[in-house]
Amino acid sequence: MAPSFLDGNSLFNFVVRDGNGVKGMVDFGLSEVPEQYVQPPEERIDKLNASTHDNPPIDLSKLDGPQHDQIVEEIARAAETLGFFQVMNHGVAVELLESLKDAANNFFGQPPEKKAVYRKGVSPSPSVKYGTSFVPDKEKALEWKDYISMTYTTDAEALEYWPQECKDVALEYLRTSIKMVRKVVEILIGKLGVTLDDSRIDGLIGSKLVNMNFYPTCPNPELTVGVGRHSDMGMLTVLLQDDIGGLYVKMEEEMDGKRQGDWVEIPAVPGALVINVGDTLQILSNGRYKSAEHRVRTTSTKSRVSIPIFAIPKPTERIGPLPQLVERDGVARYREFIFEEYMNNFFSNAHDGKKSLDFANNI
Ligand SMILES: O=C(O)CCC(=O)C(=O)O
């Protein structure tokens with residue numbers, strides 16, 4: 001049972017408002033999850049009935065050699081089907097990946113008061129936010145996750161305000177992975193038979209967020225989720241996960257002996273990064289690339305960290321299906337909007353699968 005002071009509103013205040021997070025609650029000692037974290041049966045993750053997506057990581061160094069076209073095909077095929085793939089030789093040093101996981105564990109291992117200074121409303125900068133779950137005020141069941149989110153504006157701002165424990169490694173991760181993101185975006189746009197100038201690509205991946213997620217050990221993993229079903233809002237997400245596993249993706253179509261609607265686990269591969277397509281790229285491509293629905297399970301034995309970078313459009317960017325594709329397809333599958341509107345809608349609703357895309361529906 002949860003300690004009695006963690007009942008009802010006081011639990012919400014302790015975890016969410018006061019910034020103790022799930023970690024603070026777990027450190028207090030729990031033998032079972034409080035009811036606020038118990039997911040309805042249809043949202044729980046059946047670990048035993050899920051299979052693994054065992055495609056090997058795509059070797060990006062081969063883009064510079066004779067296998068260039070084959071690698072381009074593999075990237076496009078993955079973006080058109082699952083919307084998720086892993087990459088190796090991605091230009092982000094493997095030692096940096098280890099330092100990032102250490103930094104995340106160090107940050108979340110601190111006493112709650114050290115993290116709580118970055119809560120929304122009290123954080124020294126609007127670009128840094130520490131929190132728990134996704135939109136706790138709107139969720140029927142809370143997610144078993146604490147996070148720190150760092151939005152990039154300038155190096156100087158990051159060095160001044162991002163937490164000491166993570167700023168250097170997070171900046172280096174951002175610097176090195178964004179080059180790879182740009183390359184992958186150029187490949188995917190190129191495969192659509194469309195050319196976009198540099199300034200348009202700058203606009204489409206012009207805002208960047210680095211998050212560090214911490215999933216504490218959970219006494220009842222079968223009842224909870226680390227992150228509920230959702231798709232990401234931007235162009236591409238790069239994700240570093242540790243060796244615990246637990247990231248699941250929903251199959252958009254039947255493939256490799258798996259049925260549409262099945263959940264497959266993206267296995268932890270040392271040195272690899274996970275890439276996934278976001279809603280913006282699905283919309284721009286008029287539905288050809290798939291923004292994949294994904295979610296995260298919790299574990300009872302060890303805490304987990306993951307570190308995504310979200311490459312999203314600048315707030316003022318106009319988003320809609322690329323005109324050349326609308327002409328070719330004979331239909332615009334989504335409407336046009338300003339990205340800031342999409343983002344505001346995304347952050348004002350609890351996770352609910354691919355519902356975020358409804359905002360762009362052409363009705
Ligand atoms: O932790 C993970 O593996 C995925 C995290 C995620 O989906 C998110 O932060 O939006």
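Where is the place of F108? In this predicted model, F108 sits in helix α4, and that helix offers a convenient way into the fold. Helix α4 spans residues 94-108 and lies across β5 (146-151), β6, β8 and β13, running at about 110° to β13. F108 has 23 C-beta neighbours inside 10 Å, and because the threshold for burial is 20 or more, F108 counts as buried. Beyond its neighbours within four places in sequence, F108 is in contact with K23, D146 and F214. Two of these contacts reappear in the sheet beneath the discussion of strand pairing, where D146 has F214 as its bridge partner in β6. On a longer scale, F108 and G287 are 179 residues apart in sequence, and their C-alpha atoms are 38 Å apart in space.

The strands crossed by α4 belong to an open sheet of eight strands, ordered β2-β3-β11-β8-β13-β6-β5-β4, with mixed pairing. Its edges are β2 (58-59) and β4 (128-132), each of which pairs on one side only. As a general point, strands of a sheet pair through backbone hydrogen bonds, in either a parallel or an antiparallel sense. Here, β2 and β3 run parallel and are joined by two bridges, with M88 in β3 serving as the bridge partner of D59. Strand β3 covers residues 84-88, and four of its five residues are buried, so the strand is largely enclosed by the rest of the structure.

Further along the order, the antiparallel pairs come into view. Strand β11 (residues 273-277) runs antiparallel to β8, and four bridges join the two; within this pair, T237 has N276 in β11 as its bridge partner. Strands β6 and β13 pair in the antiparallel sense over seven bridges, and L209 stands opposite F310 in β13. On its other pairing, β6 meets β5, again in the antiparallel sense, over six bridges. Seven of the nine residues of β6 are buried, so β6 is largely enclosed by the rest of the structure.

A further open sheet is built from five strands in the order β1-β10-β9-β12-β7, and its pairing is also mixed. Strands β1 (51-52) and β7 (227-230) stand at the edges with a single partner strand each, so one side of each is left without a neighbour in the sheet. Inside this arrangement, β9 (residues 247-250) and β12 pair in the antiparallel sense over three bridges, with R295 in β12 as the bridge partner of Y248.

What surrounds the ligand? The shell consists of N211, N213, V227, L239, Q241, L247, H294, V296, S306 and P308. At least two residues of this shell come from each of β6 (207-215), β8 (236-241), β12 (294-296) and β13 (304-312). Sorted by class, the shell holds five nonpolar and five polar residues, with no charged residues. For anyone thinking about the record alongside the model, an unreviewed UniProt entry carries the annotation "domain: Fe2OG dioxygenase" over residues 200-313. Across residues 200-313 the chain is 10% helix and 38% strand, and the C-alpha atoms at the ends are 10 Å apart.

The loops add a few details of local geometry. Most residues other than glycine have a negative phi, which makes two positions worth a look. S133 is not a glycine, yet has a positive phi of about 55°. This residue, S133, is placed in the loop between β4 and β5, and with 25 C-beta neighbours inside 10 Å it counts as buried. D256 also has a positive phi, near 50°, and is a residue other than glycine. D256 lies in the loop between β9 and β10 (263-265), and with 12 C-beta neighbours inside 10 Å it counts as exposed.

Is G193 buried or exposed? With 10 C-beta neighbours inside 10 Å, G193 counts as exposed. G193 lies in the loop between α7 (167-191) and α8 (198-204). The C-alpha atoms of G193 and K115 are separated by 47 Å, with the two positions 78 residues apart along the chain.

Note on methods:
Residues numbered from 1 in each chain as written. Predicted model: local features only at pLDDT ≥ 70, side-chain atom pairs only at ≥ 80, totals over all residues. Near = placed C-beta within 6 Å. Nonpolar A, V, L, I, M, F, W, Y, C, P; charged D, E, K, R; others polar. Pairing = 2+ DSSP bridges. Contact = placed C-beta atoms within 7 Å. Axes fitted to C-alpha atoms, helices over the stretch in contact; angles between N-to-C directions. UniProt positions renumbered as here; feature names shortened; annotations may be inferred.
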